[in-house]
Amino acid sequence: GQHLITAIAEQMFGFKTTSWELGRQRSVIELDTPSVTAEQIEALERSVNEKIRERVPVVVRELAADDPEIETVRSRGLPDNRAGPVRVVDIKGVDSNMCCGTHVSNLSDLQVIKLLGTEKGKKNKTNLVFLAGNRVLKSIEQSHNTEKALTSLLKNGPGEHVEAVKRLQSSVKLLQKNNLNLLRDIAVLIARDFKSKPVQSQLFVLHRKEGDSEFMNIIANEIGTEETLLFLTVGDEKEAGLFLLAGPVEAVENLGPRVAELLGGKGTVKRGRFQGKATKMSRRGEVQALLQEFISHRSPEA
């Protein structure tokens, strides 16, 4: 399949193949051109499948190393340490190419070739993605199963899947925006509730699974960190999440790295706030005990 596509692409458009990758699920041919149009892909696919339907024979020959015919055979060059005859694969009337791999005896054995499109390659080159033979059938089966699953989930026909997904995406974006606004309001209310207490604690600890960095920073901004030490966390209660330690600058610089270590995470300190990512949120209790001990030993001047 790669031989056929390479030969026809060069004959039709002058696109030379510079490398290829033959994969288990899909294969790629690197073409020496900065771009390939949709029309060129369509014409190329039509042409290679015509050759398959014409049942063009494929013949393998061996030529002597000094045979002058070798000069007319397409190749990337022979290695200097070669020995013995040179193996040539002929697609009758289409291509003659040096190759040591296995091949079909007739193009009809390929069944069909499907060009899936292109991807950006190396500088000024384009990767052409293709399927050949039974891989095409497997791909169709997989696509059909996906289509059936989407039909069941979206409650409409295949022709309406794209529009249905677009509507769902719009709904999700709206819900995310509303959720963010609600989280901001909740953060402000939490901070105001803390500040409304007659006697405010020197330590404020809070965890909220649905929060984010902005949620924690709003609380810190509203409460103020000149006198109060804040330890805020969001995300999974036991595994990964985010944390924020805020308070007097000296206290945060001293405690921040120790808090990050306990939580199995990393963070950075900036203007009296140490924030980062954690992998062991289950150890929040140990952090709280550390902060409580620090406060109990802190001098009034601190």
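## A tour of two sheets and a pocket

Start with the five strands that form an open sheet in the order β8-β9-β10-β12-β11, where the pairing is mixed. Keep in mind as you look around that this is a predicted model. Colour β8 (203-208) and β11 (266-270) separately: these are the edge strands, and each pairs on one side only. If you look along the sheet, neighbouring strands are turned by 10 degrees against each other on average, with direction ignored.

Next, select residues 229-235 and 241-246. These are strands β9 and β10, which run antiparallel and are joined by six bridges. For one pair to zoom in on, pick Thr233, whose bridge partner in β10 is Phe243.

Now add the helices. Helix α5 (residues 213-223) packs on this sheet and touches β8, β9, β10 and β12 (273-278). The direction of α5 makes about 160 degrees with that of β9. Then show residues 284-297: this is helix α7, which lies across β8, β9 and β10 and runs at about 175 degrees to β9.

Move on to the other sheet on this tour. Four strands in the order β1-β2-β7-β6 form an open sheet with antiparallel pairing. Which strands stand at its edges? They are β1 and β6 (113-120); each has a single partner strand, so one side of each is left without a neighbour in the sheet. From one strand to the next, the twist averages 20 degrees.

Select 17-22 and 27-31 to see β1 and β2, an antiparallel pair joined by five bridges. The hairpin between β1 and β2 passes through four residues. Leu22 stands opposite Ser27 in β2, and Ser19 has Glu30 as its bridge partner in β2.

Two helices come next. Helix α1 (residues 2-13) packs on the sheet, touching β1, β2, β6 and β7 (126-132), and its direction makes about 155 degrees with that of β1. Helix α3 (residues 134-154) also packs on the sheet; α3 touches β6 and β7, and its direction is at about 90 degrees to that of β7.

Finish at the largest pocket, which has a volume of about 610 Å³. Which residues lie nearest its centre? Select Gly1, Gln2, Leu22, Thr102 and Leu110, which have that place among the 26 lining residues. The elements giving two or more residues to this lining are α1, β1, β4 (86-91), β7 and α3. Colour the lining by class and you will find 13 nonpolar, eleven polar and two charged residues.

Key:
Residues are numbered from 1 along each chain as its sequence is written. This is a predicted model: local features need pLDDT of at least 70, side-chain atom pairs count only at pLDDT 80 or more; totals for chains, interfaces and linings use all residues. Side-chain values use heavy atoms; hydrogens and water are left out. Two strands pair if DSSP finds at least two bridges between them. Axes are lines fitted to C-alpha atoms, for helices over the stretch in contact, and angles run from 0 to 180 degrees between N-to-C directions. Contact means heavy atoms within 4.5 Å. On a 1 Å grid over the protein atoms alone, a cavity is a set of points where a 1.4 Å probe fits but cannot get out, and a pocket is an open set with protein on both sides within 12 Å along at least five of seven lines; lining residues have an atom within 4 Å of a point. Grid points are joined across faces, edges and corners, and a volume is the space filled by probe spheres set on the points. Ala, Val, Leu, Ile, Met, Phe, Trp, Tyr, Cys and Pro count as nonpolar, Asp, Glu, Lys and Arg as charged, and the others, Gly among them, as polar.
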